[in-house]
Amino acid sequence: MADQRPIFLWSHPRSLSTVFERPFLQRPQEFHVIHEPINLISRAYVTKNFDFLNQIPLPKPTDQITFVHNFSTTLNEILAPHYYNDNKTHTLRVFAKDHASNFLDEELEGNPLGSKKILSKFKHTFIIRNPEKSVKSFYKAANSTYEAWDNACVPNSERYNIFFPEKVWLKESRFLYDLIKNITGGEIVLVDADDLLREPEKILRKYCEMVNVEFKKEMLEWKEERPNIWDLKLSGPNIDYLWHKNVMQSTGFDKSINNDEEIEYPQNVYDLIAKSKPHYEYLFQHRIKI
């Protein structure tokens, strides 16, 4: 039987993982795309605000979905492969992306996500990006967020530190990659962002082949827009645009999604790049090669 497990794309911040959702958003009659479900659930528990569950754009399921406050149950319900297209003629395959650090945060809090039983329910894939680019991009986006909070007069009690090593570097991606590999023994698909921008069709074709998806040319181009799956806000000012503006303005995998102007960076940015390099180089050797 062909592998139709939900596809999970594990990433680190500013790895171009959000733009990687776009090819699958181009095929709404075949895929149901979920943007950072673990992150959303984690933030909901922190703020005690579960309204986002009603905002997730779910296709109509065959059975009523009940969201309970147990994390692993909730995640399984969201990703369960029982979504239907509008005509209910067939199930949609799930494509979800989230950060490796979010997964590991939940593991540390005692949620049983790292079991072979749960991990084997998904087809695991990764995307990585050179920290020379990803760390600098994250620093700029974090600063833009701080400025937005200032402009909106967000109280200090609702602010938090965004730019810190455990969130930005690739150590968690490396750890999760090895964890999944050792526990499941299955093949893991890994994409390097620079390869993707340089040879988008070749990389995406190979990715599709490895996750049992038929490649279609329509996956390479899209309209400049803001998909509603990125609009799930829990609190604070509307900062989605600050984090997603390049991908919103993109129409394909091209340099326009990485056209930020260079600025001067503090030493801690370069220190973090240096610490991230070994983890990036380790994962890089396992990437799709064409």
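Which residues is F20 in contact with, leaving aside its neighbours within four places in sequence? The views below start there, in a predicted model.

**View 1. F20 and its contacts.** F20 is in contact with L9, F95, I127 and V191. L196, L204, Y207 and F253 complete the list. Neighbours of F20 within four places in sequence are left aside here.

**View 2. The largest nonpolar core.** This core has 27 residues. F20, F24, F95, V191, L204 and Y207 touch the most other members. Two or more core residues come from each of these elements: β1 (7-11), β2 (31-35), β6 (189-192), α10 (193-198) and α11 (200-210). Helix α11 gives the largest share, four residues. Another core lies apart from this one. That other core has 22 residues, among them F8, A100, F122 and Y280.

**View 3. S17 in the loop between β1 and α1.** Helix α1 spans residues 22-25, and S17 sits in the loop between β1 and this helix. Is S17 buried or exposed? S17 has a relative accessible area of 3%. The cut-off for buried is under 20%, so S17 is buried. Not counting residues up to four places away in sequence, S17 touches L9, S11, K97, H99 and I127. Two of these names, L9 and I127, also appear among the contacts of F20.

**View 4. Helix α7 against helix α13.** Helix α7 covers residues 131-151, and helix α13 covers residues 267-284. The two pack at an angle of about 140°. Their axes are 9 Å apart. Angles over 145 degrees would count as roughly antiparallel; α7 and α13 are therefore oblique to each other. Their crossing is right-handed. From α7, the contact is made by P131, E132, V135, K136 and Y139. From α13 come V269, Y270, L272, I273, S276, K277 and Y280. By class, this contact has eight nonpolar, one polar and three charged residues. Y280 is also a member of the core of 22 residues.

**View 5. Helix α9 against helix α13.** Helix α9 runs through residues 171-184. It packs with α13 at an angle of about 35°. The axes of α9 and α13 are 8 Å apart. Is this crossing left-handed or right-handed? Helix α9 passes α13 in a left-handed crossing. On the α9 side are K171, S173, R174, Y177 and D178. They meet P278, H279, Y282 and L283 of α13. Four residues of this contact are nonpolar, two are polar and three are charged.

**View 6. P227 in the loop between α11 and α12.** P227 is found in this loop, with α12 spanning residues 240-249. The relative accessible area of P227 is 10%, and P227 is buried. Where does P227 make contact, leaving aside its neighbours within four places in sequence? Its partners are R22 and L25. L25 and P227 are 202 residues apart along the chain. Their C-alpha atoms are separated by 8.5 Å.

**View 7. Positive phi at E36 and N212.** E36 lies in the loop between β2 and α2 (37-47). Its phi is near 50°, a positive value in a residue other than glycine. E36 is buried, with a relative accessible area of 10%. N212 lies in the loop between α11 and α12. N212 has a positive phi of about 60°, although N212 is not a glycine. The relative accessible area of N212 is 35%, and N212 is partly exposed.

Definitions and conventions. Residues are numbered from 1 along each chain as its sequence is written. This is a predicted model: local features need pLDDT of at least 70, side-chain atom pairs count only at pLDDT 80 or more; totals for chains, interfaces and linings use all residues. Side-chain values use heavy atoms; hydrogens and water are left out. A nonpolar core is a set of buried Ala, Val, Leu, Ile, Met, Phe, Trp, Tyr and Cys residues joined through side-chain atoms within 4.5 Å. Buried means under 20% relative accessible area, exposed over 50%, partly exposed in between (1.4 Å probe, protein chains only). Contact means heavy atoms within 4.5 Å. Axes are lines fitted to C-alpha atoms, for helices over the stretch in contact, and angles run from 0 to 180 degrees between N-to-C directions. Angles under 35 degrees count as roughly parallel, over 145 as roughly antiparallel, 65 to 115 as roughly perpendicular and the rest as oblique. A crossing is left-handed if the near helix is turned anticlockwise from the far one by less than a right angle, and right-handed if clockwise. Ala, Val, Leu, Ile, Met, Phe, Trp, Tyr, Cys and Pro count as nonpolar, Asp, Glu, Lys and Arg as charged, and the others, Gly among them, as polar.
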